[in-house]
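Reader: I'd like to learn how to read a model like this one, feature by feature. Can you walk me through it?

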Amino acid sequence: MYREMALADLVTIPRDEAAARDAVAYQSKFGSWDTRASVRAKPRRLLDSAGSRLYYPPELLPIVSHPLITAQGEALRHRLLVQQLFGYLHFTTELEELAVIPIVSKISRGRSGLVLPEQMREDAYKIATDEAWHAQFSYDLIRQVESETGVRRCIPELPAFVGRLDRVRSMLPAEVRGAEGLMFSIVSETLISSILADLPRDRRLPTAVRELVRDHAEDEGRHHAYFRSLLRIFWSSLSGRQRRQIGPHFPAAIRAFLEPDLRALAGSLSNAGLSAEAAEQVLSESYPQEATTRTIAASAATTVRYLVDLGALKDPRTAEAFALAGLSDISEGEASA
């Protein structure tokens, strides 16, 4: 059962000399935040009236190329792409409000369970402000696209990552239960900037969509650096026992963020008039397990490399968990090269 506080409760973690060194070495990327952050410097992105067009790259939504979909014509393809944009924007609002903001709020208040430098606390306030703006402008664009297209959103109230993260929490040993929120925030904030990289360059999309994603990506570049530093401090602060308890669950946190939300996609297909059997066929053939695992592994490579650099995969149980999840292609040698 989903509990919002499960995303914010952090364990109190012992601090060692390595964590202290990492904290002292922290270099803020927020020195020009007042003039560069999208919430300070960028306008509200407004959708212009240009009639029917492409709202989401079809290459990123395999179901629209399935024969059962293409046989029904361009109108269905258009609706599914619009729904995917809704899903992407809604995912952003829920990720920021349910997963990231609770964590950085605790950091800013000095209640993260970690001993951090004052600059990291100050930057956490700025990240919370950024993320609230990302949630707001994503919701705003959903409303604009609904009005422009006449397509009403058909998406679950909660994205799939929420239930997946609750399962991670349930599997963590009691000693470290509560750390899944921090784990997931680190994973999402070190992965999302690469996920956002391509959409702003796709000139087929409406200008407002491209500019909004670009605004988001620029902010997330600063967040990425922050959370990479936070990962080093977090990991250094753990005892050897805690590392062995938490490490094997990082793959599940990564997959919780990156796996396709098949439930949401099934809802879009059902809303478009497909039978349950047809929807299941479209999804199973559009997202074969091996190909999906390869895509997740490629997207996760940066965060996996950070964990390898920290020595997390030297623990046999952690290495096995990454291998079983298809996330162990990065070797120790590659990471140190």
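Author: Let's go from the overall fold to the core, the aromatic pairs and then the empty spaces. One thing up front: this is a predicted model.

Reader: Fine. How many helices and strands does the protein have?

Author: Start with the secondary structure count. Here you get 16 helices and zero strands. Then look at burial: buried residues make up 53% of the 337 residues in the protein.

Reader: And what share of the contacts between residues at least 6 apart in sequence join residues at least 24 apart?

Author: That share tells you about sequence separation, and in this protein it is 82%. For a single example, take Arg-222, in helix H9. Arg-222 and Ala-37 are 185 residues apart in sequence, yet their C-alpha atoms are 9.4 Å apart in space. Setting aside neighbours within four places in sequence, Arg-222 is in contact with Lys-29, Phe-30, Trp-33, Arg-36 and Ala-37.

Reader: Is Arg-222 buried or exposed?

Author: Check the relative accessible area against the cut-off, where buried means under 20%. Arg-222 has 7%, so it goes down as buried.

Reader: Now the nonpolar core. Which residues touch the most other members?

Author: Think of a core as a network and look for its best-connected members. The largest one here holds 96 residues, and Ile-63, Tyr-226, Leu-230, Phe-234 and Phe-250 touch the most other members. Helix H5, residues 74-108, gives this core its largest share, 15 residues.

Reader: Pick one of those hubs. What is Phe-250 in contact with, leaving aside its neighbours within four places in sequence?

Author: Its list runs to Met-183, Val-187, Leu-231, Phe-234, Trp-235, Leu-307 and Phe-322. Phe-250 also belongs to helix H11, residues 250-258, which deserves a look of its own.

Reader: Why is helix H11 described as largely enclosed by the rest of the structure?

Author: For a whole helix, you go through its residues and count the buried ones. Eight of the nine residues of H11 are buried, so the rest of the structure largely encloses this helix. The buried ones are Phe-250, Pro-251, Ala-253, Ile-254, Arg-255, Ala-256, Phe-257 and Leu-258. Notice that an arginine, Arg-255, is on that list.

Reader: On to the rings. How many aromatic pairs does a search of the whole structure find?

Author: Nine. For each pair, read the centre distance and the angle between the planes. Tyr-26 and Tyr-226 are an edge-to-face pair, 5.8 Å centre to centre with 85° between the planes. Tyr-26 sits in the loop between helix H1 and helix H2 while Tyr-226 sits in helix H9, so the pair ties together parts 200 residues apart in sequence. Both rings belong to buried residues: Tyr-26 is at 10% relative accessibility, and Tyr-226 is at 1%.

Reader: What does a tilted pair look like here?

Author: Phe-91 and Phe-257 are one: 5.7 Å centre to centre, with 55° between the planes. This pair also links distant parts of the chain, with Phe-91 in helix H5 and Phe-257 in helix H11, 166 residues apart. Phe-257 has a relative accessible area of 6%, which counts as buried.

Reader: Which residues form an aromatic cluster?

Author: Here you follow rings beyond a single pair. Tyr-26, Phe-30, Tyr-226 and Phe-227 form one cluster.

Reader: Last topic, empty space. What is the volume of the largest pocket, and which residues are closest to its centre?

Author: For a pocket, read the volume, then the lining. The volume is about 1100 Å³. Among 41 lining residues, Tyr-56, Leu-60, Gln-84, Leu-258 and Pro-260 are the closest to the centre. H5 provides the largest share of that lining, seven residues. By class, the lining has 24 nonpolar, 12 polar and five charged residues.

Reader: And how much space lies in the largest cavity?

Author: A cavity is read in the same order, volume and then lining. This one holds about 50 Å³. Its lining includes Arg-44, Arg-45, Trp-133, Asp-140 and Asp-215. Helix H6 supplies the largest share, five residues. The lining divides into five nonpolar, one polar and four charged residues.

Note on methods:
Residues are numbered from 1 along each chain as its sequence is written. This is a predicted model: local features need pLDDT of at least 70, side-chain atom pairs count only at pLDDT 80 or more; totals for chains, interfaces and linings use all residues. Side-chain values use heavy atoms; hydrogens and water are left out. A nonpolar core is a set of buried Ala, Val, Leu, Ile, Met, Phe, Trp, Tyr and Cys residues joined through side-chain atoms within 4.5 Å. Buried means under 20% relative accessible area, exposed over 50%, partly exposed in between (1.4 Å probe, protein chains only). Helices (H or I, at least four residues) and strands (E, at least two) are DSSP runs, numbered from the N terminus. Contact means heavy atoms within 4.5 Å. On a 1 Å grid over the protein atoms alone, a cavity is a set of points where a 1.4 Å probe fits but cannot get out, and a pocket is an open set with protein on both sides within 12 Å along at least five of seven lines; lining residues have an atom within 4 Å of a point. Grid points are joined across faces, edges and corners, and a volume is the space filled by probe spheres set on the points. Ala, Val, Leu, Ile, Met, Phe, Trp, Tyr, Cys and Pro count as nonpolar, Asp, Glu, Lys and Arg as charged, and the others, Gly among them, as polar. Rings of Phe, Tyr and Trp (its six-membered ring) pair if their centres lie within 6.5 Å; planes under 30 degrees apart count as stacked, over 60 as edge-to-face and the rest as tilted.
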